[in-house]
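Reader: Please give me a close look at a single helix in this model, and then follow what surrounds it. Keep the account plain, and explain each term where it comes up.

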Amino acid sequence: MGSLPQVVEECFGLLKLYSDGSISRSPNISFDVPFINDNSILYKDLIFNENIDLRLRLYKPTSIVNSSTKLPIVFYFHGGGFCFGSRTFPNNHNICVRLASILQAAVIEPDYRLGPEHRLPAALEDACCALKWLQGQAIMHANVMDTWLGEVDFDRVFVLGYSSGGNLAHHLAVRFGPGSVELAPVRVRGYVLMSPFFGGCERTRSEEERPIDGIWTLGMYDRLSVPTGATQDHPLVNPFGPSSPSLATVDLDPLVVVVGGNEILRDRVENYARKLKEMGKKIEYVELEEEQHGYFTDHPLPAAAQRVIQFIKGFMADNRKLMMLR
């Protein structure tokens, strides 16, 4: 009689990968985080990919500070190592409520397929699909599009991503390029990458010093996220890997890159930002001293997250000023 399958990877206590390739996910996910549901923000769920039943959550302020101006749009792609996470998780929901309130924006948080059932590039394909969904809404007749989107400015879209979502934000910036012409009349004005979940076979100093960051490890990439048979030098994981296309001649919209000064990803993210800056890209690098991974979605909202949101608010305002000068 053969031995029973052994657990080879466990992620956040929510997912188990067994030696025979089988997978189990916990049906019961408990959070010690309350949902923020106040009267300042409305939200609803919509399907953006009927073929695989993928949904997004759309948020908007109940009252607009400047009623003569349409709302900018902020896409928020959640983290979770490409293997867990949802728009329905309270930490993700709460940060979107805060973003919509503080930024005075319509916030869109799409779900995306997760590994190991759906390894990369599935998540990136779904992120592209979400932006294409918005384009489809923008070109619809006013009496056909979702009524909430009648209050938004399709010409002022910003893409934010945290952890694995930050990785997606990078690839979306490369995929759609400056001006996001392919998405017209939707216009992405900038990207914010918060602790983007990059990797590589050659470890950085911060990765060697902190092989385990809280409850996740870089090894999860290999076993749960990367394409089957690939390594962490795959272009979707390592933008500067040996087989990754050169970014030297790739034009990009403005980028903001944020990382905690005391997290496992610190050196890799700093190297990413520095290399892009040396290539002449429009990029701002923000390091949050002493902060660890998780600074953006902890509850209650930590001071570091508030600082980041205020920085994003300034980034969006500066972009608007440039638009008015042109």
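Author: The expected span of a helix is 1.5 Å times one less than its number of residues. Helices here are DSSP runs of H or I with at least four residues, strands are runs of E with at least two, and both are numbered from the N terminus. The model is predicted, so local features need pLDDT of at least 70 and side-chain atom pairs count only at pLDDT 80 or more, while totals for chains, interfaces and linings use all residues. Residues are numbered from 1 along each chain as its sequence is written, and side-chain values use heavy atoms, with hydrogens and water left out.

The part to look at is helix α6, residues 266-278. At 1.5 Å a residue, its 13 residues should span 18 Å, and its end C-alpha atoms are 18 Å apart, which agrees. The buried residues of α6 are Asp267, Arg268, Val269, Tyr272, Ala273 and Leu276. Buried means under 20% relative accessible area, exposed means over 50%, and partly exposed is in between, with a 1.4 Å probe and protein chains only. These buried residues of α6 pack against two helices, α3 and α4 (205-209), and against the strands β9 (188-194), β12 and β13 (283-288). Just after α6 comes Gly280, with a positive phi of about 90°.

The partners of α6 can be taken in turn, beginning with α3. Helix α3 covers residues 164-176 and has 13 residues, for which 18 Å is expected at 1.5 Å a residue; the distance between its end C-alpha atoms is 18 Å, in agreement. Of the 13 residues of α3, 11 are buried, so the helix is largely enclosed by the rest of the structure. Among them are Ser164, Gly165 and Gly166, as well as His170, His171 and Phe176. Gly177, which follows α3, has a positive phi near 65°.

On the other side of α3 in sequence is Ser163, in the loop between β8 (152-162) and α3. Most residues other than glycine have a negative phi, and most peptide bonds are trans. Ser163 has a positive phi, near 60°, and is buried at 6% relative accessibility. The loop between α3 and β9 holds Pro185, and the peptide bond from Ala184 to Pro185 is cis, with omega near 10°.

Another loop, between β9 and α4, contains Ser195. Ser195 is not a glycine, yet its phi is positive at about 45°. At 0% relative accessibility, Ser195 counts as buried.

Strand β12 (residues 255-260) includes Val256, which is buried at 1% relative accessibility. Contact means heavy atoms within 4.5 Å. Not counting residues up to four places away in sequence, Val256 touches Tyr191, Val192, Leu193, Glu284, Val286, Phe311 and Phe315. Glu284 is 28 residues from Val256 along the chain, but their C-alpha atoms are separated by 4.8 Å.

Two further helices can be set beside these. Helix α2 (residues 122-138) reaches 25 Å from its first C-alpha to its last over 17 residues, close to the 24 Å expected at 1.5 Å a residue. With 13 of its 17 residues buried, α2 is largely enclosed by the rest of the structure. Pro121 lies in the loop between β7 (106-110) and α2, and the peptide bond to Pro121 from Leu120 is cis, with omega near 15°. Helix α1 (residues 90-103) contains Asn92, which is buried with a relative accessible area of 4%. Apart from neighbours within four places in sequence, Asn92 contacts Tyr76, His78, Ser86, Glu109 and Thr297.

As for the whole, the protein chain has 7 helices and 13 strands. Its radius of gyration is 19 Å, close to the 20 Å that the globule rule gives for 326 residues, so the chain is as compact as a globular protein of that length. That radius is taken over C-alpha atoms, and the rule is 2.2 Å times the number of residues to the power 0.38. Along the principal axes, the C-alpha atoms fill a box of roughly 70 × 45 × 35 Å. Buried residues make up 53% of the 326 residues. Among contacts in the chain with a separation of 6 or more, 73% are between residues 24 or more positions apart.
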